[in-house]
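Hi everyone, thanks for making time. I'd like to walk you through a structure that is probably new to most of you, so let's put it on the screen.

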Amino acid sequence: TNNKQQQQQHVLTDKHGLSSEKGVETLASAAEGSAHLQRLVDELVRELGIAPEQAKKHLRDWQAAHLTLRDIKEQVLIKQQQQSVEPIWRCNVCGRADKPYIVCYVAPYVVGYRKVSIS
């Protein structure tokens, strides 16, 4: 089932340190065809029962999403400086957080902003 695959995928991301900022940066900057990516593809195929091309596409999509995360974080910083607000982050996969910092780097996004005092 799709839900079971998501759970297994989350276990794999934690196992490989991909739910941390450093792990995501490593994945986002990994070159196509690198040994690191190939190990992840092999494990996705084995653990999730998906085709190799599907695993590669999934990793490429994830890389692209996390490259755009850099832009989002920059926009958040600008908004914080201009409006005295802080972002409230949540993971789109596991739902972790609703905190003013990223708790899970699997698929973070900003759910809103909270006003903060500048004292």
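Let me begin with a small puzzle: which residue of β2 does Trp89 stand opposite? Have a look while I set the scene, and we'll come back to Trp89 when we reach the sheet.

One thing to keep in mind throughout is that this is a predicted model.

Let's start with the overall picture. The protein has 4 helices and 3 strands. If you follow the sequence from start to end, the pattern you meet is α-α-α-α-β-β-β. Taken along the principal axes, the C-alpha atoms fill a box of roughly 50 × 30 × 20 Å. There are 119 residues, and 32% of them count as buried. As for contacts between residues at least 6 apart in sequence, 49% of those join residues at least 24 apart.

Now to the helices. Please find α1, which is residues 2-15, and α3, which is residues 35-48. These two pack at an angle of about 145 degrees, and their axes are 10 Å apart. The crossing of α1 past α3 is right-handed. Who meets whom there? On the α1 side we have Gln5, Gln8, Gln9, Leu12 and Lys15, and on the α3 side Glu43, Leu44, Glu47 and Leu48. Sorted by class, this contact has 3 nonpolar, 3 polar and 3 charged residues.

Leu44 takes us to our next stop, the largest nonpolar core, where Leu44 is among the residues with the most contacts. That core has 17 residues, and its other best-connected members are Leu27, Leu37, Leu40, Leu59, Trp62 and Val106. Both α3 and α4, residues 52-83, supply at least two residues each. Which helix gives the largest share of this core? That would be α3, with 5 residues. If you'd like one residue to click on, try Leu59: leaving aside residues up to four places away in sequence, Leu59 touches Leu27, Leu37, Leu40, Val41 and Leu44. Apart from this core lies another one, of 6 residues, including Leu69, Trp89, Ile102 and Tyr105.

So there is Trp89 again, and that brings us to the sheet. The sheet is open, with 3 strands in the order β2-β1-β3 and antiparallel pairing. At the edges stand β2, residues 97-99, and β3, residues 108-115; each has a single partner strand, so one side of each is left without a neighbour in the sheet. From one strand to the next, the twist averages 20 degrees.

Let's take the two pairings in turn. Between β1 and β3 there are 7 bridges, in the antiparallel sense. You can trace this pairing on screen: Val85 has Lys115 in β3 as its bridge partner, and Arg90 has Tyr109. Between β1 and β2 there are 2 bridges, again antiparallel. And here is the solution to the puzzle: Trp89 stands opposite Lys99 in β2.

What about cover for the sheet? Helix α4 packs on the sheet and touches β1 and β3, and its direction makes about 150 degrees with that of β1. Strand β1 is mostly covered, with 6 of its 7 residues buried.

Is Cys91, for example, buried or exposed? Cys91 belongs to strand β1, and it counts as buried because its relative accessibility is 2%. Leaving aside residues up to four places away in sequence, Cys91 touches Arg96, Cys104, Val106, Ala107, Pro108 and Tyr109. Cys91 and Cys104 are 13 residues apart in sequence, and their C-alpha atoms are 6.0 Å apart in space.

Last stop: some backbone angles around β2. The hairpin of β1 and β2 has 5 residues between the strands, and in it Gly95 takes a positive phi near 80 degrees. A little further on, Ala97 has a positive phi near 115 degrees, and Ala97 is not a glycine. Asp98 is not a glycine either, and its phi is positive too, at about 60 degrees. Ala97 is in strand β2, and so is Asp98. Ala97 counts as partly exposed because its relative accessibility is 25%, and Asp98 is partly exposed as well, with a relative accessible area of 39%.

That's the tour, and I'm happy to go back to any part of it. Thanks for listening!

Notes: Residues numbered from 1 in each chain as written. Predicted model: local features only at pLDDT ≥ 70, side-chain atom pairs only at ≥ 80, totals over all residues. Heavy atoms only, no water. Axes fitted to C-alpha atoms, helices over the stretch in contact; angles between N-to-C directions. Left-handed = near helix turned anticlockwise from the far one by under 90°. Contact = heavy atoms within 4.5 Å. Nonpolar A, V, L, I, M, F, W, Y, C, P; charged D, E, K, R; others polar. Core = buried A, V, L, I, M, F, W, Y, C linked by side-chain atoms within 4.5 Å. Buried < 20%, exposed > 50% of the residue type's maximum accessible area, 1.4 Å probe, protein only. Pairing = 2+ DSSP bridges.
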